[in-house]
Amino acid sequence: MTGHIQVLTTVSSRDEANRIAQALVEKRLAACVQVMGPIQSTYHWQGAVETSQEWLCVAKSRRELYDRIEQAIREVHSYQVPEILALPIAAAGADYLKWLDEEVEWKTQS
């Protein structure tokens with residue numbers, strides 16, 4: 001297991017997804033954010049089954065930065081209850097992880 005994570009969030013528009021991606025990379029909280037969509041999501045919300053079009057953001061970062069990533073996403077996110085999930089990266093190429101580490105500010109975290 002590495003100390004690296006992928007953080008996923010879904011949003012209602014490509015513009016919002018791009019703002020989140022830009023914010024995370026500019027703040028050096030993520031080395032890369034991929035925006036995918038549109039996707040279709042079906043879920044329970046306020047007692048009803050809803051279906052909506054969303055965009056998925058996948059940010060590559062380090063576990064130590066999760067709290068700051070969540071805060072940065074919440075500053076931009078329009079949902080009342082945003083999906084913000086962190087998944088561990090179990091294994092990856094050493095050269096990719098080295099690049100990821102060089103692109104995020106995590107070494108100053110304690």
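This is a guided tour of a predicted model, with a selection to make at each stop.

**Stop 1: the nonpolar core**

Begin by selecting V7, L24, V33, I69 and I73. In the largest nonpolar core, which has 23 residues, these five touch the most other members. Now colour β1 (4–11), α1 (14–26), β3 (48–62) and α2 (66–76); each of these elements supplies at least two residues of the core. As background, nonpolar side chains tend to be buried together in soluble globular proteins.

Keep I73 selected and show its surroundings. Which residues does I73 touch, not counting those up to four places away in sequence? They are V7, T9, I20, L24 and I84. Two names in that list, V7 and L24, were also in the selection that opened this stop.

**Stop 2: S61 in strand β3**

Next, select S61, which is found in strand β3. Is S61 buried or exposed? S61 has a relative accessible area of 0%, so it is buried, the cut-off for that word being under 20%.

Show the contacts of S61, leaving out residues up to four places away in sequence: H4, I5, L29, A30, I69, L100 and V104. L29 deserves a separate look, since its backbone oxygen lies 2.4 Å from a polar atom of the S61 side chain. For a distance across the chain, draw a line from the C-alpha of S61 to the C-alpha of V33. The line spans 9.2 Å, while the two residues are 28 residues apart in sequence.

**Stop 3: S41 in strand β2**

Move to S41, whose place is in strand β2 (residues 32–45). S41 has a relative accessibility of 13% and counts as buried. Now add E54 to the selection. The side chains of S41 and E54 are joined by a polar contact of 2.4 Å. Beyond the residues up to four places away in sequence, S41 touches E50, T51, S52 and E54.

**Stop 4: the largest pocket**

Keep E54 selected, because E54 is also part of the pocket lining. The other lining residues of the largest pocket are T10, Y43, H44, W45, Y79, Q80, V81 and E83. The space in this pocket is about 240 Å³. Which element gives the most to the lining? It is β2, with 3 residues.

**Stop 5: helix α3**

Select helix α3 (residues 94–103) and, within it, Y96 and W99. These two are 3 residues apart, about one turn of the helix. The structure holds 1 aromatic pair. Y96 and W99 form that pair, with 5.5 Å from centre to centre and 45° between the planes, and it is tilted. Why does the pair count as tilted? An angle of 45° is neither under 30 degrees, which would be stacked, nor over 60, which would be edge-to-face, so the pair is tilted.

Colour the two residues by accessibility. Y96 is partly exposed, with a relative accessible area of 31%. W99 is partly exposed too, at 32%.

Finally, select E103, which is also found in helix α3. E103 has a relative accessible area of 27% and is partly exposed. Leaving aside neighbours within four places in sequence, E103 is in contact with R28 and A31. For a last distance, pick the C-alpha atoms of E103 and Q34: they are 15 Å apart in space, and the residues are 69 residues apart in sequence.

Note on methods: Residues are numbered from 1 along each chain as its sequence is written. This is a predicted model: local features need pLDDT of at least 70, side-chain atom pairs count only at pLDDT 80 or more; totals for chains, interfaces and linings use all residues. Side-chain values use heavy atoms; hydrogens and water are left out. Rings of Phe, Tyr and Trp (its six-membered ring) pair if their centres lie within 6.5 Å; planes under 30 degrees apart count as stacked, over 60 as edge-to-face and the rest as tilted. Helices (H or I, at least four residues) and strands (E, at least two) are DSSP runs, numbered from the N terminus. Buried means under 20% relative accessible area, exposed over 50%, partly exposed in between (1.4 Å probe, protein chains only). A polar contact is a pair of N or O atoms within 3.5 Å; within protein, one must be able to donate a hydrogen and the other to accept it, and residues adjacent in sequence count only if both atoms are side-chain atoms. Contact means heavy atoms within 4.5 Å. A nonpolar core is a set of buried Ala, Val, Leu, Ile, Met, Phe, Trp, Tyr and Cys residues joined through side-chain atoms within 4.5 Å. On a 1 Å grid over the protein atoms alone, a cavity is a set of points where a 1.4 Å probe fits but cannot get out, and a pocket is an open set with protein on both sides within 12 Å along at least five of seven lines; lining residues have an atom within 4 Å of a point. Grid points are joined across faces, edges and corners, and a volume is the space filled by probe spheres set on the points.
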